[in-house]
Amino acid sequence: MTLDAETFRALVAEAALSPSVHNTQPTRWRLTSDGRVQVLEDNSRRLPIGDPDGRDLNVSHGAAVEGFRLAAGKRDLIVEVEHDGVGIAGLTVSAGQVCDPLAAFLTQRRTYRGPFMGGAVAHAALTRLEPSEDLIVVDSRDSIAELARLYDEASLRWFRNAAYRAELLSWMRLSRNHPLWSLDGLNAEAMEMSRIQAAGAGVVLKPGVFETLDRVGLAGALVAEVAVVRSASAVVLFHRPANEAPFDTGRRFHRAWLGFTQAGLSAAPMAVLADDAATRERLQAEFGIEGDRRLITAFRVGIAPAGNVTPKPRLGLDTLIV
């Protein structure tokens with residue numbers, strides 16, 4: 001079959017809801033004259049400091065393609081994924097029925113970075129989480145508290161890298177007046193920051209200010225998230241074969257996150273627990289993740305308070321489709 005332009009745009013719109021590192025949305029899409037789809041990359045959206053090897057970049061591409069595949073399945077379309085040597089991947093779309101229960105949650109998945117609610121509802125949601133060989137659910141309060149401490153320690157080490165801090169800040173949208181507030185990156189609303197907190201973050205992370213605060217012992221407290229992490233019902237460690245291509249890891253990463261949504265859980269990644277080599281090695285040893293596996297990330301999961309769901313910052317189709 002030939003994929004028509006209208007259906008293609010609808011599929012890209014849903015695929016665009018997929019998670020990406022710092023919400024950089026690096027994946028681009030092209031419908032070719034023979035009805036196939038080329039998956040391409042916007043090189044300007046790389047993170048040379050935080051992701052020098054492009055691992056997170058390719059995880060993001062894999063997550064986007066999995067989103068495209070799930071969106072297609074809802075329309076009785078099957079997507080065959082190939083690495084065509086031209087771009088990130090080539091997609092062939094054909095008619096056929098797909099029964100994938102996670103597809104229903106594609107538009108519902110969200111990142112929630114605020115404090116979670118506890119109680120019986122949270123416990124019940126955790127019991128609905130499907131077991132998987134690549135997920136380790138840590139729900140002991142003592143272990144969550146220790147992971148929260150390690151998270152803040154690792155975060156502070158990374159924040160001490162001025163280049164990393166500058167790169168991160170370039171993707172933060174701390175004011176609604178930022179021209180890209182609703183389009184990409186991490187806006188203050190998505191980070192559960194008040195206006196005052198957002199303004200403060202913009203000052204604290206500036207070169208010179210952060211170093212001064214760090215010298216007097218205040219920087220750690222200002223970037224700490226220990227209370228938020230400790231409110232989680234669980235921290236879930238996500239690990240995959242060490243030699244797996246990051247693109248393939250990304251496809252599974254997206255599905256794991258949709259599994260949280262399916263169980264009724266909100267989630268936020270705690271990537272620094274895996275990105276910081278010393279912390280990753282420690283966690284792999286403590287939680288029995290063998291040497292042929294790699295800790296990809298950790299998620300804090302729980303029940304988000306009821307309230308208005310803010311729209312995801314996303315680029316328009318005219319940017320995503322090239």
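## Burial, and one residue that shows it

A residue counts as buried when its relative accessible area is under 20%. Leu265 has a relative accessible area of 5%, so it is buried. Keep that cut-off in mind, as it comes back for several residues below. Please also remember that the structure above is a predicted model.

Leu265 sits in the loop that runs between H10 and strand E9 (266-269). If we set aside residues up to four places away in sequence, Leu265 touches Ala125, Leu126, Phe260, Val301, Gly302 and Ile303. One of these partners, Val301, is 36 residues away from Leu265 along the chain, yet the two C-alpha atoms are separated by 6.1 Å.

## The overall fold

Let's step back to the whole protein. Its secondary structure comes to 13 helices and 10 strands. The C-alpha trace spans about 65 × 40 × 40 Å along the principal axes. How does the radius of gyration compare with that of a compact globule? For 322 residues such a globule would have a value near 20 Å, and the protein has 20 Å, so the two agree.

Buried residues make up 50% of the 322 residues. Contacts also reach across the sequence: among those between residues at least 6 apart, 76% join residues at least 24 apart.

## Surface and charge

The accessible surface of the protein comes to about 14700 Å², and carbon and sulfur atoms account for 53% of it. The protein has 36 positive and 39 negative charges, and the mean positions of these two sets are 5 Å apart.

## Two nonpolar cores

The largest nonpolar core has 30 residues, and Leu3, Phe8, Trp29, Phe68 and Leu91 are the ones that touch the most other members. Two or more residues of this core come from each of H1, strand E2 (37-41), H2, E3, strand E4 (89-95) and helix H10 (246-263). Which element gives the most to this core? That is H2, with six residues. A second core, separate from this one, has 21 residues, including Phe238, Trp257, Phe260 and Ala267.

Phe260 also links back to the opening example, since it is among the residues that Leu265 touches.

## Val37 in strand E2

Val37 is found in strand E2. With 0% relative accessibility, Val37 counts as buried. Beyond its neighbours within four places in sequence, Val37 is in contact with Leu3, Phe8, Trp29, Arg30, Leu31, Phe68, Ala89, Gly90 and Leu91. Leu3, Phe8, Trp29, Phe68 and Leu91 on that list are also the residues named above as touching the most other members of the largest core.

Gly90 is another of the contacts of Val37. These two residues are 53 places apart along the chain, and their C-alpha atoms are separated by 5.8 Å.

## Ile88, in a loop and buried

Ile88 lies in the loop between E3 and E4. Is this loop residue buried or exposed? Its relative accessible area is 16%, so Ile88 is buried. Leaving aside neighbours within four places in sequence, its contacts are Val39, Leu40, Glu41, Asn58, His61, His83 and Phe247. Thr319 offers a contrasting pair: Ile88 and Thr319 are 231 residues apart in sequence and 17 Å apart in space, C-alpha to C-alpha.

## Leu147 in helix H4

Leu147 is found in helix H4 (residues 141-159). Its relative accessible area is 2%, so it too is buried. Apart from neighbours within four places in sequence, Leu147 is in contact with Val138, Val235, Leu273, Leu283 and Phe287. Glu244 is 97 residues from Leu147 in sequence, and the C-alpha atoms of the pair are 26 Å apart.

## Two residues with positive phi

Asn23 and Asp76 deserve a look at the backbone. Asn23 is not a glycine, but has a positive phi of about 55°. Asn23 is found in the loop between helix H1 (5-15) and strand E1 (27-31). Its relative accessible area is 9%, so Asn23 is buried.

Asp76, likewise a residue other than glycine, has a positive phi near 60°. The loop that holds Asp76 lies between helix H2 (55-73) and strand E3 (77-82). What is the exposure of Asp76? At a relative accessible area of 40%, Asp76 is partly exposed, whereas Asn23 is buried.

Conventions
Residues numbered from 1 in each chain as written. Predicted model: local features only at pLDDT ≥ 70, side-chain atom pairs only at ≥ 80, totals over all residues. Heavy atoms only, no water. Helix = DSSP H or I, 4+ residues; strand = E, 2+ residues; numbered from the N terminus. Buried < 20%, exposed > 50% of the residue type's maximum accessible area, 1.4 Å probe, protein only. Rg over C-alpha atoms; globule rule 2.2 N^0.38 Å. Contact = heavy atoms within 4.5 Å. Areas by Shrake-Rupley, 256 points an atom, 1.4 Å probe, with all protein chains shown as cover. Lys, Arg positive; Asp, Glu negative; His and termini not counted. Charge placed at Lys NZ, Arg CZ, Asp CG, Glu CD. Core = buried A, V, L, I, M, F, W, Y, C linked by side-chain atoms within 4.5 Å.
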